[in-house]
Amino acid sequence: MSISELGRRIYYLLNRSRLERELAEEMAAHREMQSAQSAPFGNAWRLREESRDVWGWGWWDRLVQDLTFGSRLLRKSPVFTFTAVTILALGVGLNIAGFQIFNLMVLKPLPVRDPDTLFRFYRKCPQGTSTNMSYPALDFYRRHNTVFSTVMGVKYDRMAVEDDQNVHVPIQSVTANYLEELGATPAAGRLLDASHDDAPGAEPVVVLEYGFWESRFGANPGLGGKTIRLNGRPFTVAGVAPRDFVGLEAGKTAAWIPITQHPYAFPGSTVLSNHAESPMQFFGRLKPGVSPQEAEGESKQLAAALREEQPEHVWKDEWLMSRPAGYMGQVDEKSAPVLSLISVFSLLLLTAACASLGNLMLARAAAREQEISVRASLGAGRARLVRQLLTESLLLGLLGTAAGLLLSLWAAKALLVITDAPRFLNPGVDYRVLLFALLMATLATMFFGLTPALQALRPQKSKTRARNVLVTCQVAAGCLFLVVASLFLRGLDRALNLSPGFEYQQVITINSDLASNGFEPAAALAYWNQMAARVRQMPGVETVAMVSLPPLGNFRSTSRLPNGYESVNYQIEPDYFAALSIPFLRGRNLRPAEKDVAIVSESLAQILWPGEDPLGKAYNRKTVIGVVGNARTVTLSDPATAEVYSPMEPMTLVTSVLVVRVSGKPENVVDSLVPVARSIDSRVAPAVTLVKDSYAARLEDPRRAALILLALGLTALALAAVGLAGLVSFTVTQRTARSASA
Amino acid sequence: MPKTEIPPGTLVMLALRVLQHGPLHGYAIAQRIHQLSSEVLQVEEGSLYPALQRILMKGWATAEWGISETNRKVRFYRLTPLGRKQLGSEVSDYGRVTEAIQAVLRTA
């Protein structure tokens, strides 16, 4: 088609009514003249329509016609329209909501400068992986590489802020270039300055996270330049990070301090010089034109060079493995199955919705049989009728998708709020979401619209098949949802109602994180002995004991057992069982200073020695001397884990915690415990927590998941109910017609 | 004499050909083709007007309102230079094809 022809076509579209009139007039004249000789033949209207078709706008005419007719029909039956749009909005909306989340997490970069050149690096060797590295190693890479334009490091810490002794907030110790390099602009004051904030002897400064600044300091604009205390030490507030800034990995933090101030916040900390500890996350920005593979290649040589200096702390054949860091999440081998499961589920929900709607459409088609046969006998072609019905479905599909888009914004927002996601994740409509919505609309329309449209034109009998297919889809989807929901609820119920095997209402933990302060085992032993002695004297305290794994904490130390089981390895003081009320079943407890003995849980004994007497057996070169009840203090209700207890070793003391069993209200004891715990060593700021608070927090995630699943299940149920109602009404219409004709 | 349908695709060419000598209105085009074909070819309204719309759309002719010999308001079609060119190429194409068909009919 030439340009001028296209121009003429558009001209015809714009001047249609005049041109149509002219054509009618012209053809009328023709007939008049012709009638002088012979009677004209043919339908004048039809002939005119055929001529008009040459203008090339026939499809448009028919579309407008169908849409007008369709919307008139929908307006005429508001109940049907409302039901159909609601069903579709639910089915499509939840899919779009899922896509919204995927879009935010995986497709959209983090709100940082130049996200595509950011990478995180992991230490890798043929035998293993480490996510973190030591600060001196990070510094070595920074000084000797040729591939990075920037090297950044982050260490996750917890510190006491001002006088909040028993609530330690997450704080990140970072290389001073971190905030600037990620393109943050201060919301108030200034950020960390790479040129002098990590210089030796620099003034200790802190940059607050926006949300923490709001919640803890009431967004006080005059805070800049003032000092606040972290772990009891004064830090000058340099400024506040922008509202949406989350850094990399989107880890929660209340503030950022320069890593060089770590020994100031944790007196005795050796983080800056110690090769043995690996607390730093390593991030790098690649120079322009450098590929991640080239960076990994160079890291091999650098690691080998570092190994010459530190043969104990660098692995043989070590190198750095890169992963993109500019995105919130990424699809990898681990997340792919979960993602596909979620997609399958939401598509199932859409299928249920479409099947339900398809039933409704069938019911309507039954009621419209009359109308359709009248149209067919008036000369409407088959294709034309299908097109008419499909246009009506398309209209419904678009309405439903528009409503679904609104619903998805709301649902995604709700989901993000429920899961306490970072603030910058804000669902909106961008081109990806819009494209996805259109795709969903088309898919849905094809599914719920095409079958009834084709069926409407067929003789009575074969309609049962479409109905059967739709009902089967619906029932299958509904059943699957019910099964999964009930499985999940059962799991949750177990977590909520089954006793974890220990008593946690009256227990307090004191976590001093001595490792951060660079304590040696001997110093740690002295510290804990003093602490235990002081705490024991306090009113309300019943039992005090050390344990290497804090109850409901995030540390765990595990070993593999046969058949996929895992043992959780505790090091304890003998009073630990009394402190947590773990029942003693057989044998005897540890004796002070005893070595090479172990106490196992009931389930571990069953896993390793089913039907045999566990006492006297050897486990990891230790003799089993006792059996206690199962107490899942770290893994809660995980049935694949079992506990092993062995005596406390000196090395472990620097990371261990003290558990305290109290009588009376534990909240009251906490308040008097804090100053006591604090007074043992002025360098250390211990966290004093109620185990029952940690327990409640631990159940938050399953609770949220159950909430979401419950919403999905109820939606599926509602869809099935509506579809069934449609089916019944369809059958009634069909039977009524049949009884009437009988 | 029985009425004969015009072979498909040739109506546009015939219409362009009869317009070569000057503007005509729709009915006159039909009449002219009828007469010139010794009353063999019958142009139906149902095929003429789509063909004329096509000619207008392609820009081979323009149309303007005038008064017919019977004092009726009618639309006259006037060939454009583009239409003249189109006629030339269609006539030569048609000639080649008919000759080829004839050749097949004679020798096969």
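This is a short chat about reading a few features of a predicted model.

Colleague: Let's start where the chains meet. How many residues does each of chain A and chain B bring to the contact?

Modeller: Bear in mind that we're looking at a predicted model. Chain A brings 22 residues to the contact and chain B brings 23. Together they bury about 2300 Å², and carbon and sulfur atoms give 53% of that area. On the chain A side, A:Glu26, A:His30 and A:Met33 supply 29% of what chain A buries against chain B, more than any other three residues.

Colleague: And how should I read the charges there? How many salt bridges does the rule find across the interface of chain A and chain B?

Modeller: The general idea first: side chains of opposite charge can pair when their charged atoms come close. In this case the rule finds four salt bridges across the interface. One to look up is B:Arg75 with A:Glu22, where the closest N and O atoms are 3.1 Å apart. Polar contacts between the two chains come to 11 residue pairs.

Colleague: Which elements give two or more residues to the side of chain A that touches chain B?

Modeller: They are helix H1 (3-14), helix H2 (16-35) and helix H3 (44-53) of chain A. H2(A) gives the most, with 12 residues. By class, that side of chain A has nine nonpolar, four polar and nine charged residues.

Colleague: Back to A:Glu22. Which residue of chain A does its side chain meet in a salt bridge?

Modeller: That's A:Arg18, at 3.1 Å from N to O. The two sit four residues apart in helix H2 of chain A, so about one helical turn separates them. Over all chains, the count comes to 27 salt bridges.

Colleague: Now pockets. How much space lies in the second largest pocket?

Modeller: In general, rolling a probe the size of a water molecule over the atoms shows where empty space is left. Here the second largest pocket holds about 1600 Å³. Its lining has 48 residues, and A:Gly98, A:Ile101, A:Ile342, A:Leu415 and A:Ile708 lie nearest the centre.

Colleague: Which element gives the most to that lining?

Modeller: H5(A) does, with 10 residues. Helices giving two or more residues include H5 (78-107), H11 (335-367) and H21 (700-741) of chain A. As for class, the lining has 38 nonpolar, eight polar and two charged residues.

Colleague: One last residue to try. Where is A:Pro292 found?

Modeller: Look in helix H10 of chain A, residues 292-309. Leaving out residues up to four places away in sequence, A:Pro292 touches A:Phe119, A:Leu286 and A:Ser322. It's also a handy case for setting sequence beside space: A:Pro292 and A:Val147 are 145 residues apart in sequence, with 9.1 Å between their C-alpha atoms.

Note on methods: Residues numbered from 1 in each chain as written. Chains lettered and ligands numbered in written order. Predicted model: local features only at pLDDT ≥ 70, side-chain atom pairs only at ≥ 80, totals over all residues. Heavy atoms only, no water. Contact = heavy atoms within 4.5 Å. Buried area = accessible area lost by both parts, 1.4 Å probe. Polar contact = N/O pair within 3.5 Å; in protein donor to acceptor, adjacent residues only side chain to side chain. Nonpolar A, V, L, I, M, F, W, Y, C, P; charged D, E, K, R; others polar. 1 Å grid on protein atoms, 1.4 Å probe; cavity = no way out; pocket = protein on both sides within 12 Å on 5 of 7 lines; lining within 4 Å. Points joined across faces, edges and corners; volume = space filled by probe spheres on them.
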